[in-house]
Amino acid sequence: KGRVALVTGASVGIGAAVARALVQQGMRVVGCARSVDKIEKLAAECQSAGYSGTLIPYKCDLSNEEEILSMFSAIKTLHKGVDVCINNAGLAHNEPLLSGKTEGWRNMIDVNVLALSICTREAYKSMKERNVDDGHIININSMGGHRMVPSADEHFYCATKYAVTALTEGIRQELREANTHIRATCISPGLVETEFAFRHHNSDPEKAAAVYESMKCLKAEDIASAVTFVLGAPPHVQIGDVQMRPVEQVS
Ligand code: NJP
């Protein structure tokens, strides 16, 4: 309660559900994405619902480091700093490796890996300069970041999520070496019903719809519950990874 959380990719899907849940719990949430109008709408909804926290919309293209750094400096000026950083923004361009486009790969690296790393570094800096010892970095990973054999056309996306698995563990070790109690966790969902599959630039909408119709998917709110569970764990408990799949999902 009263803590400042940054949620990246808060305009729709999992990020919007996480932002809403944290505002409901009384946090001051800076929600960022490119479609800031959608976050403004969500902020108004949270206010009319009478939630005790607030949602502060911030327009940021996470593939641009300058924009990320300006956002952290605005958060410092307006809200003193970040106590919780939820690296949620992510995307997939699903196409075969042998014929995929470099632009799509670069976009996935920029958002799924680099933006997550930059936000983590800046959030840690902010926590350290204010002696925040109970901060938390939560990375929204994927079951694809653990699967030994990625599904067809998802190889590059899974590679970026393998990076999230390695980075979260690396962050946890560095935090320990820095002798802080700031924690790092990743949450790894299987299929979640959001616009995600429909947003893959190269995916066929019918194929995307079929994916979601094939089983009873997780809801964005299920992932938000995992985030509030992780944040609510007693200070001595380190939750490394929460893997969540729909019951019907095999791998
Ligand atoms: O995705 P979606 P989800 N700069 O497409 C933002 C992982 N995951 O909520 O900028 C700033 O509905 C985008 O905002 P906008 C997945 O890998 C999902 O399902 O306005 N923001 C939007 O808010 C990802 O890490 C599933 O377009 C940028 C958000 O990202 C996380 O869950 C399964 C941006 C994407 O919303 C959230 O996914 C799984 C940029 N350059 C893992 N680019 C699943 N849904 O099935 C994108 O295993 N965003």
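Helices here are DSSP runs of H or I that span at least four residues, strands are runs of E with at least two, and the numbering starts at the N terminus. With those labels in hand, let's walk through this structure, which is a predicted model.

A good place to begin is a loop. Lys-80 sits between α3 (65-79) and β4 (84-87). Its backbone deserves a glance on your screen: although Lys-80 is not a glycine, its phi is positive, at about 75 degrees. The residue is also exposed, because its relative accessible area is 65% and the cut-off for that label is over 50%. A second loop offers a companion case. Asn-131 lies between α4 and β5 (136-140), and here too a residue other than glycine has a positive phi, near 55 degrees. Asn-131 counts as exposed, since its relative accessibility is 71%.

Now let's turn to the ligand. There are 31 residues around it, and those that come nearest are Ser-35, Ser-142, Pro-189, Thr-194 and Arg-199. Some of the contacts can be picked out atom by atom. On Ser-35, a polar side-chain atom is 2.5 Å from a ligand oxygen. Pro-189 takes part through its backbone, where an N or O atom lies 2.6 Å from an oxygen atom of the ligand. For a contact to a ligand nitrogen, look at Asp-61, whose side chain places an N or O atom 2.9 Å away. How much of the ligand's accessible area does the protein cover? On its own the ligand has 890 Å² of accessible area, and the protein covers 97% of that. Three elements each give two or more residues to the surrounding shell: α1 (13-24), α5 (155-177) and α6 (196-199). As for its chemistry, the shell holds 15 nonpolar residues, 11 polar ones and five charged ones.

Helix α5 will keep coming up, so keep it in view as we move to the spaces within the protein. Searching the whole structure turns up one cavity of 30 Å³ or more. The largest cavity encloses about 70 Å³ of space. Its lining consists of 13 residues, and Thr-8, Asn-87, Ala-89, Val-111 and Leu-116 are the ones nearest the centre. Which elements supply at least two residues each to this lining? They are α4 (102-129) and α5. The biggest contribution comes from α4, which provides five residues. By class, the lining of the largest cavity splits into eight nonpolar residues, four polar and one charged.

The two helices return in an open site. The second largest pocket has a volume of about 280 Å³, and its lining includes Leu-116, Thr-120, Tyr-124, Leu-167, Ile-171 and Ala-178. Again, α4 and α5 are the elements that give two or more residues to the lining. Six of the lining residues of this pocket are nonpolar, three are polar and two are charged. Leu-116 is worth a second look, for this residue lines the second largest pocket and is also among those nearest the centre of the largest cavity.

We can finish on helix α5 itself, at Arg-176. Is this residue buried, partly exposed or exposed? Arg-176 counts as partly exposed, because its relative accessibility is 43%. To get a feel for distance across the model, compare Arg-176 with Gln-249: 73 residues separate them in sequence, and their C-alpha atoms are 35 Å apart in space.

Conventions. Residues numbered from 1 in each chain as written. Predicted model: local features only at pLDDT ≥ 70, side-chain atom pairs only at ≥ 80, totals over all residues. Heavy atoms only, no water. Near = heavy atom within 4 Å. Polar contact = N/O pair within 3.5 Å; in protein donor to acceptor, adjacent residues only side chain to side chain. Areas by Shrake-Rupley, 256 points an atom, 1.4 Å probe, with all protein chains shown as cover. Nonpolar A, V, L, I, M, F, W, Y, C, P; charged D, E, K, R; others polar. 1 Å grid on protein atoms, 1.4 Å probe; cavity = no way out; pocket = protein on both sides within 12 Å on 5 of 7 lines; lining within 4 Å. Points joined across faces, edges and corners; volume = space filled by probe spheres on them. Buried < 20%, exposed > 50% of the residue type's maximum accessible area, 1.4 Å probe, protein only.
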